[in-house]
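Reader: Before I rely on the terms used for this model, I would like to see how each of them is earned. Could you take me through the reasoning?

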Amino acid sequence: MTANFAYGASKAFVRIDRLTKRFGDVAAVDNVSLDITKGEIFALLGSSGCGKSTLLRMLAGFETPSEGNISLEGVSVINMPPHQRPMNMMFQSYALFPHLTVTENIAFGLKRDGMPKAQINARVEEMLNMVQLKRYAKRKPHQLSGGQQQRVALARCLAKQPKLLLLDEPLGALDRKLREQTQFELVNIIKAVGVTCVLVTHDQEEAMTMADRIAVMSEGSFIQVGRPHEIYETPSSRFVADFIGKVNLFDGVLVVDEPDHCEIDTPQGRFFVGHGITGTIGMSLSVALRPEKIGLQAEAPEDISSNAFRGTVVDSGYYGSFSVYRVDLAGGQRIQVAITHTERHDELYRRGEEVWVTCRSDALVVLIN
Amino acid sequence: MSTATSLVDRLVDRWGRLMVIGTPYIFLILVFSIPFFVVLKISVSTSNDGIRFEDLSTFNDWVFSFTASFQKYRFLFTDDLYLNTYGSSLKFATINTLCCLFIGYPFAYFMARSPVSIRPVLLMLVSLPFWTSYLLRVYAWKGLLDDSGTINSLLLSFGLIDEPIKMMYTAFSLSVGMVYTYLPFMILPLYANLVKMDGRLIEAANDLGASPFRAFWLVTVPLSKNGIIAGSMLVFIPSVGEYVIPELLGGPETLMIGRVLWDEFFSNNDWSMASAVAVTMVFLILFPLALFNKYQTDGVGRGSV
């Protein structure tokens, strides 16, 4: 498969063109192409070692690509050293200068540009107001909390009004509670400033909540590029379906293929999928079904010819707002079902209870292996 | 059995902690404080032959009397010899410290930035000279720097010079010997400091528009301040009182306090004078440095990496 699908509209702000980085024999980034539009927040998502950080470091100029090109507004930046590139990076764990105060940290980049002192002071003031750290201006980084340090790092990056903002695991160093609050703040600030942003993360929630578009990476390549809901609802491969969120996968054979629907036979029973696919009868493929799109009921539904399966509850976990049940289907496969608690009630299904598992035809996604 | 164990346990509980903390203090009191007070006492004692001293305090016929003589100190501050020697010692120690810093910093930086696999080898190379006696190594410079030494012979045989360059028994030979000897004491603390530095701080500086040189100057150097101070102290303090190197490599004009001390003790047999010289050195030079060191490191300590 070519990587050309990653090209978006023609108005590319950042264009990554067939970029490759090899360390010895291993290609950390392998022939990757991507267009990013102005003002977009773009996330590179993948597990560690997938090449996302190497790609970000090539954008910043800390790694030299083995092949390919990076251009910003149509101008190649490939031969520019990091200190001349009009992009700024917020480092993982922030890399704030420990010997400088908050003000000096934010002013660091402005001083390098030779900005007049009065202008620097005004700009630093503006940044401090933006991240609400005015009271902490004279503190050293070690006197700040993790969340405050993160805001100083952001202010330091944005002070120079970069054309491209690079974020390396922006919320990685924060604890869970702080993360949720911070990620909204961060997005609000980025959107208010209007800066184009590339962020790297291994955390799918972080990518989905913050980014306009996501590239799922594995072994140096893009597996799928799309908006968060596209990636979640219509994953293009088993890898993406499995990587993003939880999913039940059923292997089967295509038996009916019409323009408006298709049917797939699996050892668990027949699935009726509400969209057609381009395939041949008899080909083997998989059906993906998210746990939250499954229903459980005690009595058999009216139509049990498809999308209805008998099963036994194995165990369950109570998460407060929802419960996760593990169910063994009659066909032998164990699946996960998430039931949202829309009203107060006790445990709905007990261990060992016989249940019917159902789903809607538009909840299913067919993955061609 | 059980009572014996519990007794031991209780003893260990009570005394173990004290012994662990106390041992270094006892050591310091025995080999630093007591000798220093002995020297201090000698410096204010009077004597006829310079070696046997009258008691400072006497208790005769129910009369307690205490006599201390500061004559030697007065002499010390009125005679140019001593003041010049202090000045000269400080000058050579400063030159030595600066030379060690300028040679040692790049080397420590190089070591800290080398691959982890070769760092132990480089560390070993730095400490390799310690495997040979310090006296021999300093003496070996004689063979290199002498009028008929290796360097002059080579230059003569290549026809680059017509007569030997006078290098031995000058400020030059003294400085070479000192820098050579004290360089590892500068490199090791600097290395220990630089190796801990977070490389991302340099990248962050580059990213914010600082060229590699400016990033070094604005980030690496300030953050290695503690290493610079520690290395400079380790070099400067012993350099001031250095005796062997000026004795072997120095000339008549390279007076240093160590040689004056030696002369007062062994040539003039004036122990009081020698002690006064030593005590003055401690108070004039080492105490201010120790205080400076303390406040410097207190200030930077927590903020740095």
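Author: What follows takes the terms one at a time, for a model that is predicted.

Reader: What makes β7 and β8 of chain A a pair of strands, and in which sense do they run?

Author: Two strands pair if at least two bridges are found between them. Strand β7 (residues 164-168) and strand β8 (residues 196-201) of chain A are joined over five bridges, in the parallel sense, so by that cut-off they are a pair. One of the links can be followed by residue, since L165(A) has C197(A) in β8(A) as its bridge partner.

Reader: To which sheet do these strands belong, and what makes a strand of it an edge strand?

Author: Both belong to an open sheet of six strands in chain A, with the order β6-β7-β8-β3-β9-β10 and mixed pairing. An edge strand here pairs on one side only, as do β6 (87-90) and β10 (221-226) of chain A. Neighbouring strands in this sheet are turned against each other by 20 degrees on average, with direction ignored.

Reader: How do you know that β1 and β2 of chain A are paired, and why does β2 count as an edge?

Author: Strand β1 (residues 14-23) of chain A runs antiparallel to β2(A), and seven bridges join the two; the cut-off is at least two, and therefore they pair. Among the matched residues are R15(A) and its bridge partner D35(A) in β2(A). The open sheet that holds them has four strands, in the order β2-β1-β4-β5 of chain A, with antiparallel pairing. Because β2 (26-36) and β5 (75-76) of chain A each have a single partner strand, one side of each is left without a neighbour in the sheet, and they stand at its edges.

Reader: Why is helix α1 of chain A called mostly covered, and where does the helix lie?

Author: A residue is buried if 20 or more other C-beta atoms lie within 10 Å of its own, and nine of the nine residues of α1 (residues 52-60) of chain A are buried. They include K52(A), R57(A) and L59(A). The helix α1(A) lies across β1, β2 and β4 (67-72) of chain A, at about 65 degrees to β2(A), and is followed by G61(A), whose phi is positive, near 100 degrees.

Reader: What makes residues of chains A and B count as being in contact, and how many do?

Author: Two residues are in contact if their C-beta atoms lie within 7 Å, and in this sense 19 residues of chain A are in contact with 18 residues of chain B. On the side of chain A that touches chain B, β6 and α2 (102-112) of chain A are the elements that give two or more residues, and α2(A) gives the largest share, three residues. By class, this side has nine nonpolar, five polar and five charged residues.

Notes: Residues numbered from 1 in each chain as written. Chains lettered and ligands numbered in written order. Predicted model: local features only at pLDDT ≥ 70, side-chain atom pairs only at ≥ 80, totals over all residues. Axes fitted to C-alpha atoms, helices over the stretch in contact; angles between N-to-C directions. Buried ≥ 20, exposed ≤ 12 C-beta atoms within 10 Å, placed from the backbone. Nonpolar A, V, L, I, M, F, W, Y, C, P; charged D, E, K, R; others polar.
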